[in-house]
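Subject: A structure for you to explore

Hello,

Here is the structure I promised to pass on. Please open it beside this email and follow along as you read.

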Amino acid sequence: MLRKGERIDQLYAEDIQIIQSSEVFSFSIDAVLLANFPHIQKRGQIIDLCAGNGAVGLFLSRKTSAKIDQIELQPRLADMGKRSIQLNHLENQLTMHELDLKDTFDHFKADSADLVVCNPPYFKESPTSKKNPNLHLAIARHEIHATLEDVVNVAAKLLKMNGRFALVHRPDRFLEIIDCLRAHRIAPKRIQFVYPKPGKEANVLLIEGIKDGKNEGLRFLPPLYTYDQSGNYSSALQEMLYGN
């Protein structure tokens, strides 16, 4: 089951095991935050874009009976995701597709998804941007193969009318994200900023929108803190990571 340099990590709250490697992108708190953020329907179709090693879809699987399809470009990460699905005996619910985002509609129908989630590359690609020399990490963090526009465009086309899109990103791109969602007929509905601890600036943005939703009704949720003043996980994070 494990290849060289790999390990099995556990998300205790959801009783999920996940194959990881320090040589490629491992899931972070962002994946846990995203899996706990959107309204999740009990049935239907969920699609996880830029799925990496499959963390978000795996964590979502414990909250719903919906079918979950995951799309990941990098062969090594997709392979790890496929083996994590087997490790958790979730083959009947989850499927990992090794696929470029641009080829999504060769395999999926438009207007078919009830929920699309994405933990995308956060950083704009430019000739001067400083990238990780590890290509796996560079692709996961920088918009080398998929831009914000690509992600939102694909999500909007995948979603049924009134389907939901949930995204985790960086606060400094907030206005760009709002503009992009609205340009693709996704009305922002719920926004939450995540802070490292009280007194610090937000470093994570969670946002959920509805395809063809009305413009009114946008809600800003209470701030979420990753750590408390003592440097321990906040009670909210403790619950997401370890359960009650």
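Leaving aside its neighbours within four places in sequence, which residues is Phe59 in contact with? They are Leu11, Glu14, Ile16, Phe27, Ala31, Val32 and Ala35, where contact means heavy atoms within 4.5 Å.

Before going further, a note on the numbers. This is a predicted model, in which local features need pLDDT of at least 70 and side-chain atom pairs count only at pLDDT 80 or more, while totals for chains, interfaces and linings use all residues. Residues are numbered from 1 along each chain as its sequence is written, and side-chain values use heavy atoms, with hydrogens and water left out.

Now the whole chain. It has 7 helices and 11 strands; these are DSSP runs (H or I of at least four residues for helices, E of at least two for strands), numbered from the N terminus. The C-alpha atoms fill a box of roughly 50 × 50 × 45 Å along the principal axes. The radius of gyration is 17 Å, which agrees with the value near 18 Å for a compact globule of 244 residues (it is taken over C-alpha atoms, and the globule rule is 2.2 Å times the number of residues to the power 0.38). Of the contacts with a separation of 6 or more, 68% join residues 24 or more positions apart.

Next, the inside. Buried residues make up 50% of the 244; buried means under 20% relative accessible area, exposed over 50%, and partly exposed in between, with a 1.4 Å probe and protein chains only. Phe59 appears again here: with Leu33 and Leu58, Phe59 has the most contacts inside the largest nonpolar core, which has 37 residues. Such a core is a set of buried Ala, Val, Leu, Ile, Met, Phe, Trp, Tyr and Cys residues joined through side-chain atoms within 4.5 Å. A second, separate core has 29 residues, including Ile47, Val116, Ile177 and Leu205.

Leu205 also turns up in the contacts of Phe174, along with Ile191, Phe193 and Phe220, again without neighbours within four places in sequence. Phe174 sits in helix H6, and 9.8 Å separates its C-alpha atom from that of Leu206, 32 residues apart along the chain.

Helix H5 (residues 148–158) is worth a look too. Its buried residues include Leu148, Val151, Val152 and Ala155. Among the elements that cover the buried residues of H5 are strand E3, helix H6 and strand E9.

For a piece of strand pairing, find E4 (residues 67–72) and E5 (residues 94–98), which run parallel over 5 bridges; strands pair if DSSP finds at least two bridges between them. Between E4 and E5 the chain passes through helix H3 (residues 75–87), giving a right-handed β-α-β crossover. Right-handed means that, with the strands pointing away from the viewer, the path from the first strand over the helix to the second runs clockwise.

The loop between H3 and E5 holds His89, a residue that is not a glycine and yet has a positive phi of about 55 degrees. Is His89 buried or exposed? At 67% relative accessibility, His89 counts as exposed. Thr226, in the loop between strand E11 and helix H7, counts as buried because its relative accessibility is 8%. Among the residues that Thr226 touches are Tyr195, Pro196 and Leu237.

Enjoy exploring!
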